[in-house]
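Let's take a walk through this model and see how its parts fit together. Have the viewer open and follow along.

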Amino acid sequence: MIERLEKIFIDEKSLDSEVAQRAFQLFPRQKIEVVKEEPWSDIKRSLTAEEFERSKKNIFLTTFNGQFFKRCPGSTQKKVLNCCNYHILNLGSQCPMNCSYCYLQSYLNSPISKIYTNIDQALSELKEMADANSHLPFRVGTGEIIDSLALDPLTLYSRKLIEFFKQYPKWTLEFKTKSNLVDQFLDLGPATNTIVSWSLNADYVIQKEEHLTASLSDRLQAAQKCLSSGFSVAFHLDPLIYHEGWKENYADLVDRITTQFTPSQVNVISLGTLRFQPEQRFMMKKRFGFDSLVNQAEMFPSEGAKLRYDASLRNEMFKFVYSRFKSHSESWRIFLCMETPETWISTFESQPMNKPELKELFRPLPTISVSE
Amino acid sequence: MKLKSNFSLGLDFKPLQSWPETVPAVALGSYLLCGFSLPEDHPVYEHPLQNSFDHSNVLKSLYPQLTLSEIARLFQTPDFSKVFTPEPIEKAYGFHLTPETQEVLSYLPQTPESFQTLLSQKKWSPQDLHPLLLLPLSSRAFVIEELLSHADSKQESVKRLELLSDLLMMKHSPESLSGMKLEILHQKRYPLTTDRDSAQKKQDLPWLSQIKNQFKRRGDKAGYEVQFFAGTPAELNKMAQNLTRVAEAWNSKS
Ligand code: SF4
């Protein structure tokens, strides 16, 4: 994955960082440039499609001066969405892969990928909060505005984080990825409070929409490796995308998971259907045209302002995938991501707090002092 | 005060409001800013033109409001770059400085005048026009024709533009879309949802005749809008019982 990077810009202030030193080992010197300022920093507006493409191929290693740790956007919309207790640690931004539906297309304004080199500062911020709340089961993810592992062969941040979380067994670290890059941390297992999670999709959807990501078999194989090394594993079947033959394709996906894993091996499975911000439409159409299932999709404004499929179609898709899992075993732990109470009730006939296997995930926890 | 004949008309952007004949016109240096169509002997106040100075505030005080089409025309005038730069003007008139806005502004003056007028009258924003930018020039002309030939409201026009742009990109031919009602375009763009909605609509549910009901779509949900009048508690009870029966029947059919 990191071979796709065309240029590595290193902030001169970060030259001594471990990541910068590693970049010098991994990349030919002509790919690296030491700079005083962020490249293309004159761009102070939303990006064009071409600038967005460029931002995926160029990376800036620099320090971050804000707060590294924040709450999941779903948990700040509790009035309209059911969301689990999730916190986010941002150690960089942008992603070298290229999914047609990626929300970074409307979220990011930065003209270059970034890796924050001051991870030690992030860890001390985290330590302060973990020390004060070590008895509570908080979950921390690193894959909000960057894929957790796609650039990990460069940063090796997974190693630092896994070691850190070993000191707080009640806290859970979650990596979220569409890559198969796990070899760099396997030797640190067992670490059951590190969940390595994969966004999975039907093979057909991966090929059509999730460009430059690992294939389904490679993702599942990487998950097996993690399990064997003593890590926890989770799957996000998200976004489920409607297409001709969706039932067969998603049945195949569920069957592949259930034949290769047992319910006790998979921490949790979340389901979500396609959704995106209306502002994102233009960029998606420009970048991926109408061969993309995402642009062909019939989307409507929904609660929380995002565009989603018709509610009854969403229910049908959730019910189908949910029943397919349950037909293999009742023990699969499944929840809906970023969904309204109505959808929960029509899929499961209950709210998440009333499902014994999900209660712990959705139990309200005190808000810890992080920015909203 | 000088006479209008002494000034350049190189900033004439065909403003929609004509300048009053009883008031002197205003120029920035030798460039007339208003009263372009007044007689040659009309008096003009000459505001000094300073190099590297943002003159957008002068424009804003003469024209507190300018439409998208007017700004687009102003940007294309031959003397524009001698007096202004685009960014302060875009900011002064509340447009977002995006590359798409710039594309809209440079494209608009090439469109028929009637289209520019339509945009001005209905106060279109640059974002409303984004779907047009996705199309090749040849298809844009067709879409503009369509927008001009329907007496739509602003909201309907914006919707029509997005539907036409999507459908053309989905390889529907212009002939198959020409002159279509908005509802038909919607059905073509959302065939799956249209089918699901009409299947639901056809359901034979045991409504009381006193309960007015209409199947409707609201965003991502479709369902019944129900209206009734109850004059007594007994009537209300009767309606409630009927609603329960309808709910059961609806549930068993879906
Ligand atoms: S892997 Fe995730 S972050 Fe990367 S492009 Fe796909 S959706 Fe976006």
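What follows looks at how two domains meet, and then at the ligand.

Keep in mind that this is a predicted model. Start with chain B, which is split into domain 1 (1–95), domain 2 (112–189) and domain 3 (195–253). We'll stick with the first two of these. Measuring between C-alpha centres, domain 1 of chain B and domain 2 of chain B sit 32 Å apart. They do touch, though: domain 1 of chain B puts six residues into the contact, and domain 2 of chain B puts in seven.

How much area do the two domains bury between them? It comes to about 540 Å², with 64% of that on carbon and sulfur atoms. On the side of domain 1 of chain B, look for B:L68, B:S69 and B:R73: this trio supplies 67% of the area that the domain buries against domain 2 of chain B, more than any other three residues.

Now for the polar side of things. The rule turns up zero salt bridges across the interface of domain 1 of chain B and domain 2 of chain B, but it does find four residue pairs in polar contact there, both partners at pLDDT 80 or more. Sorted by class, the face of domain 1 of chain B that touches domain 2 of chain B has three nonpolar residues, two polar and one charged.

Finally, swing over to the ligand. Which residues surround it? The shell is made up of A:K56, A:C95, A:M97, A:N98, A:C99, A:C102, A:L104 and A:K178. By class, that shell around the ligand divides into five nonpolar residues, one polar and two charged.

Note on methods: Residues numbered from 1 in each chain as written. Chains lettered and ligands numbered in written order. Predicted model: local features only at pLDDT ≥ 70, side-chain atom pairs only at ≥ 80, totals over all residues. Heavy atoms only, no water. Domains from an automatic or database assignment. Contact = heavy atoms within 4.5 Å. Buried area = accessible area lost by both parts, 1.4 Å probe. Salt bridge = Lys/Arg side-chain N within 4 Å of Asp/Glu carboxyl O. Polar contact = N/O pair within 3.5 Å; in protein donor to acceptor, adjacent residues only side chain to side chain. Nonpolar A, V, L, I, M, F, W, Y, C, P; charged D, E, K, R; others polar. Near = heavy atom within 4 Å.
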